[in-house]
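Reader: I would like a close look at one part of this model, the charged side chains and how they pair. Please give enough of the surroundings to place them.

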Amino acid sequence: RMANPRTIARLEARILERAAHALEFEISDPRSGFVTVTRVKLSKDLTAARIYYSVLGDEASKANTARMLQSAGGYLQRLIGRSLDLRRVPHIEWTYDDSIEEAARLDDAIARALE
């Protein structure tokens with residue numbers, strides 16, 4: 001059964017808020033770096049949620065953050081699941097979001113072209 005788009009949007013917003021809070025205040029992993037949850041994409045049947053995140057820093061801090069999210073995945077999924085009024089908690093997948101870097105790269109390219 002497919003959920004209606006308004007329900008999906010509401011749940012995505014709640015997942016984003018809860019994930020961001022958990023990463024900022026409830027994960028005490030030194031590998032976490034400066035993580036920002038950028039967006040959430042929930043499947044139409046509510047069984048899967050893809051959480052996009054970005055990391056401030058170099059390749060090493062990105063890799064460390066990815067490992068931290070992998071190892072804390074179950075814990076974060078439980079935290080997020082408790083804040084949703086759903087019978088089944090969606091399976092959460094963390095995806096690195098490079099759109100911010102891409103935008104910065106394009107800005108640089110445009111600035112150089114204009115010089």
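Author: The accessible surface of the protein chain comes to about 7600 Å², an area obtained by the Shrake-Rupley method with a 1.4 Å probe, where for residues only the protein chains shown count as cover. Carbon and sulfur atoms hold 53% of that surface. The model is predicted, so local features need pLDDT of at least 70 and side-chain atom pairs pLDDT 80 or more, while totals for chains, interfaces and linings use all residues. Residues are numbered from 1 along each chain as its sequence is written, and side-chain values use heavy atoms, with hydrogens and water left out.

First, the frame that carries the charges. Four helices and three strands make up the elements of the protein chain, in the order α-β-β-α-α-β-α from the N terminus. These are DSSP runs numbered from the N terminus, helices being H or I with at least four residues and strands E with at least two. The C-alpha atoms fit a box of roughly 55 × 35 × 20 Å along the principal axes. Of the 115 residues, 35% are buried; buried means under 20% relative accessible area, exposed over 50%, and partly exposed in between, with a 1.4 Å probe and protein chains only. Among contacts (heavy atoms within 4.5 Å) with a separation of 6 or more, 66% join residues 24 or more positions apart.

Now the charges. There are 18 positive and 17 negative side chains, and the centres of the two sets are 11 Å apart. Lys and Arg count as positive and Asp and Glu as negative, with His and the chain ends not counted; each charge is placed at NZ of Lys, CZ of Arg, CG of Asp or CD of Glu. Side chains of opposite charge can pair when their charged atoms come close. The rule for a salt bridge is a side-chain nitrogen of Lys or Arg within 4 Å of a carboxyl oxygen of Asp or Glu, and the count by this rule is six. Three of them follow.

E26 and R18 are joined at 2.8 Å, N to O. R18 is buried at 19% relative accessible area, whereas E26, at 27%, is partly exposed.

In helix α2, E59 and K62 lie three residues apart, about one turn of the helix. Their salt bridge is 3.1 Å, N to O. The partners differ in cover: E59 is exposed at 59%, and K62 is buried at 14%.

Helix α4 holds a pair with the spacing of three residues, about one turn, in E102 and R105. Here the N to O distance is 2.5 Å. E102 is partly exposed at 33% relative accessible area, and R105 is partly exposed at 48%.

Helix α4 (residues 99-114) also contains I110, which is partly exposed at 48% relative accessibility. I110 joins L106 and L114 in a nonpolar surface patch of about 330 Å². Patches are built from residues with over 30% relative accessible area and no salt bridge, joining like charges within 9 Å and nonpolar side chains (Val, Leu, Ile, Met, Phe, Trp, Tyr) within 5 Å. In the segment after α4 comes E115, an exposed residue at 79% relative accessible area. The C-alpha atom of E115 is 41 Å from that of M68, 47 residues away along the chain.

The buried surroundings complete the picture. Helix α3 (residues 73-82) has G73, L76, L79, I80 and G81 as its buried residues, and their cover includes α1 (5-26), β2, α2 (59-71) and β3 (91-96). Strand β2 contains S54, buried at 10%. Leaving out residues up to four places away in sequence, S54 touches F34, V35, T36, T38, Y96, D97 and I100. The C-alpha atoms of S54 and D98 are separated by 6.8 Å, although the two residues are 44 apart along the chain. The loop between β1 (34-42) and β2 (48-56) holds L46, which is buried at 15% relative accessibility. L46 is a residue other than glycine with a positive phi, near 65 degrees.
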